[in-house]
Each structure stands twice: as structure tokens, then as C-alpha cells.
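I opened a fresh page today to keep track of what I looked up. Here is the structure, and my entries follow below it.

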Amino acid sequence: MKFCRQFKPQAHSADTICALCVVPSSSSCVVAAAGSRKVQLLSADQLSPVGVLEVDGVVKSIASHSAEPNMLWSASEDRIVRGWDLRTPKAPVLKLTTKSRIGALSCVANCGETGRVAAGSEAIKIDDEDSASVLLWDVRSGLDALTEYDEAHSDTVTNVCFSPSQRSYLCSGSLDGLVCVIDTLVDDTDDALESVLNAESSVSQAGFFGPSSEYAYCVTLTETVLFWQIDDAQQLGHHGDIRTVLERKSRVFVDYMVDCFYQPSSGELLAVAGSHSGNLHLLNVSLDGMEVSQSLPKHHNATVRCLGYDSSSGTLYTGDEQGCVSCWSPHGPDSASASAVAASAAAPVKADDSGAAAKPPKDTPAASSESGDGKPSKTKRQQKSDRKFKPY
């Protein structure tokens, strides 16, 4: 990856960038949620400001989808999911709410083909027990929550995302240490859980990857990375504290993991790790472990909190705690601009159209679905026979 350009906010308006997404709209837009009551719209080719969304509640997460190229969704602490038409961004065109008692919304995802929007909540005390919810709306049929999966997680839901291939499948990660794969066509929580994957530590990021989205990954708050085959909940990899691993193997010093992203063109799962001073490193993730692929030139001076990846152009965006957003491209600034222009003129690209071969499984020791603490991941079939974790 080569550095292309950077957006720097005015000093008095700098807010931590808490979320990034690439909107495949006619204007080819990058959206940065600033951890405050505003969402900054940036042009993808130059990262120049093109607008600001004013939100009543503090924004926690944003999401877009190629099937709805002009729609953006935001989730905020006031427990409202807002839908924005970027062609007329002065006010939200939709507001999604729930009548249930829930914590502040912490994350959001949408699937344009099915018209469904999902969000996760922070944990609150209900009857002296911690409770967190995964909420689902069908915006074609109404604005009230269609389904509430309130038994999937017992602590704050940190991440939700829809599968690019199996449109009804939703992945959720939580501080309770679980990654759940939910079939959103099913209302009952127990029946809807396709897989419950034990990460052994609080989950910060989770998602699907692979040419058919047949794998799930997660990044934990103890800086570990795990991934599974979804259909049988088989754990394919569990890589320990990346801080120790990289220092020992490569003499590279990092403080945290940012997130992973899947590269359809190569079939690789890549990760980004960084230091609190702003250094970033691109990592190859395989069954054998994680290795430094590239140490990126230093253009951040603070902790990088989030990333956004445009698989159609291979462009990576990173956002930090000083409000800066950087653009990285495989071929440099000119190719990034050209890719952004081409993306704005082309039809939306679907993540599963590439047909690239997956690359997680290599020559490694036999993979196991049992976690390091003896608590295996489980599929729906295993859940119905016994709701408790147990070795196979």
C-alpha cells in the first residue's frame, strides 16, 4: 500500500474518528463518524469535505451497502438508527426505533438487497442482570423493530455486519466474548443462532470473509485474532497477543489491532495493527500465524481507531483519534483518484462476485473447534442437543 492523501480537520473541530465506511454512491464518498454529533462526508478521490450530517445523538457507528448507493445509516447513543439520503443530506429520511428497553446503540449494519437494518446495543441492567440486544428492522414493512435477539449476548454488542453472500446471515460480536452468526429470517433467538463462536476474550471487531463468506473472524480486546469455518463452527486459527508475536518474530512493536479486511482479488485476509504514536503495519493472516506484510509510511500521529476498505479499487482508509483520515492505495495517489472516479461511474460491485479462492487454510496442524479454555464453538445442531458448551 502507498500513501495517497490525508484529510486533516481544523484544530478546534478535531474529534476522534470512531467509524469509517465507503459509500458506493454516484459521488464515491467516504464517510467518517467523528464520535460526536456529526458525520463528516469526504470525497473519495481527494478526501476533501463535501458535507456534514448533523445528528441529535452522539454517533457510534455508520454503515452503507452497494445495493443502496445513496443511503447511509447511523446508530447513536439516543437509541435511534437514522437513514440518510446523501443526495439530500440535511435531515434523515428514516428513523428506526424500538419500544423495548435497551442500552445506547453501539453498532449498525444494513443489507440493501433485503431491506434489513441491524443494530447492537450497549448492556444495561434489567432485573439485576446484564442485558444487550441485537435489533432487526425491515424498512420495507415498517419502522418499528421487527425482531429483537435479546438472548444472543449478555454484554455490549460491539459489532454487527451482514454476510455479502448469504444475505440473511448476520454476524455479531460482543464484550461477552462470543461471536454469533444469526439467520435473520428466523425470529426466535435459539432457532436463529446458526453458530456461537467462543473468542475467549471480549470482541472488538468481527465479520465474514472468503469468496462465499464461508468464514468468520474476530479481533479481541486482548489483541488476539481468531477465525472459524461457519457451517460447522470449526476454529481454523487462534493467534495470540499480536504485540508479543510481532516483537518476537519481526522486532515490530505494536500496541493494538485495528481490524481485519478481506481482499477478494487475492483471496487473503489482511489485518492492520498500530502503535499509539501512529505507526501502522499491514499483516497477512493465515492458519500458520500473522506476519508483517508491510510497514506503512507514518502519516498518523495518534491511535488509529478504525478502517474502511473499498474492495472494488483496493483502497484502504484509516481514521485516528485526532480526526485525521488517510487514504492508501496499491499503486499510489493517481490510481486511487482514478479508481474513485471509475467507481462512481460503474455499477455497484458486490463482494462475492470475484470468485477468488480463499486462502485461510494452508498446511497447518489439524484445526479444532475447541477453544483454549475447553469451551468449543457450537452450531445450531449442537445448541439444540445441549445449550451448554462441551467438548465434541
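Before anything else I fixed my terms: buried means under 20% relative accessible area, exposed means over 50%, and partly exposed lies in between (1.4 Å probe, protein chains only). This is a predicted model, in which local features need pLDDT of at least 70 and side-chain atom pairs count only at pLDDT 80 or more, while totals for chains, interfaces and linings use all residues. I number residues from 1 along each chain as its sequence is written, and side-chain values use heavy atoms, with hydrogens and water left out.

**Entry: a charged patch**

I looked up glutamate 151 and found a relative accessibility of 56%, so it counts as exposed. Its place is the loop between strand S15 (147–149) and strand S16 (157–162); strands here are DSSP runs of E with at least two residues, numbered from the N terminus. Glu151 joins Asp150, Asp187, Asp188 and Asp191 in a negative surface patch. For such a patch, residues need over 30% relative accessible area and no salt bridge, and like charges are joined within 9 Å. A salt bridge would be a side-chain nitrogen of Lys or Arg within 4 Å of a carboxyl oxygen of Asp or Glu.

**Entry: strands S28 and S29**

Is strand S28 buried or exposed? Of its 7 residues (304–310), 6 are buried, so the rest of the structure largely encloses S28. S28 pairs with strand S29 (residues 315–320) in the antiparallel sense over 6 bridges; pairing requires that DSSP finds at least two bridges between the strands. I noted one partner in S29: tyrosine 317 bridges to glycine 308. The hairpin has 4 residues between the strands, and glycine 314 takes a positive phi near 75° there.

**Entry: glycine 103**

Glycine 103 sits in the loop between strand S9 (94–96) and strand S10 (105–111). I read 1% relative accessibility for glycine 103, which therefore counts as buried. Its C-alpha atom is 5.7 Å from that of alanine 123, and the two residues are 20 apart along the chain.

**Entry: positive phi outside glycine**

Most residues other than glycine have a negative phi, so I checked two cases that go the other way. Arginine 79, not a glycine, has a positive phi of about 70°. It lies in the loop between strand S7 (68–76) and strand S8 (81–85) and is partly exposed, at 39% relative accessibility. Aspartate 127 has a positive phi too, near 55°. I found aspartate 127 in the loop between strand S12 (124–126) and strand S13 (129–131), and its 69% relative accessibility makes it exposed.

Conventions:
Patches are made of residues with over 30% relative accessible area and no salt bridge: like charges are joined within 9 Å, nonpolar side chains (Val, Leu, Ile, Met, Phe, Trp, Tyr) within 5 Å. Accessible areas come from the Shrake-Rupley method with a 1.4 Å probe; for residues, only the protein chains shown count as cover. Lys and Arg count as positive and Asp and Glu as negative; His and the chain ends are not counted. The place of a charge is taken as NZ of Lys, CZ of Arg, CG of Asp or CD of Glu.
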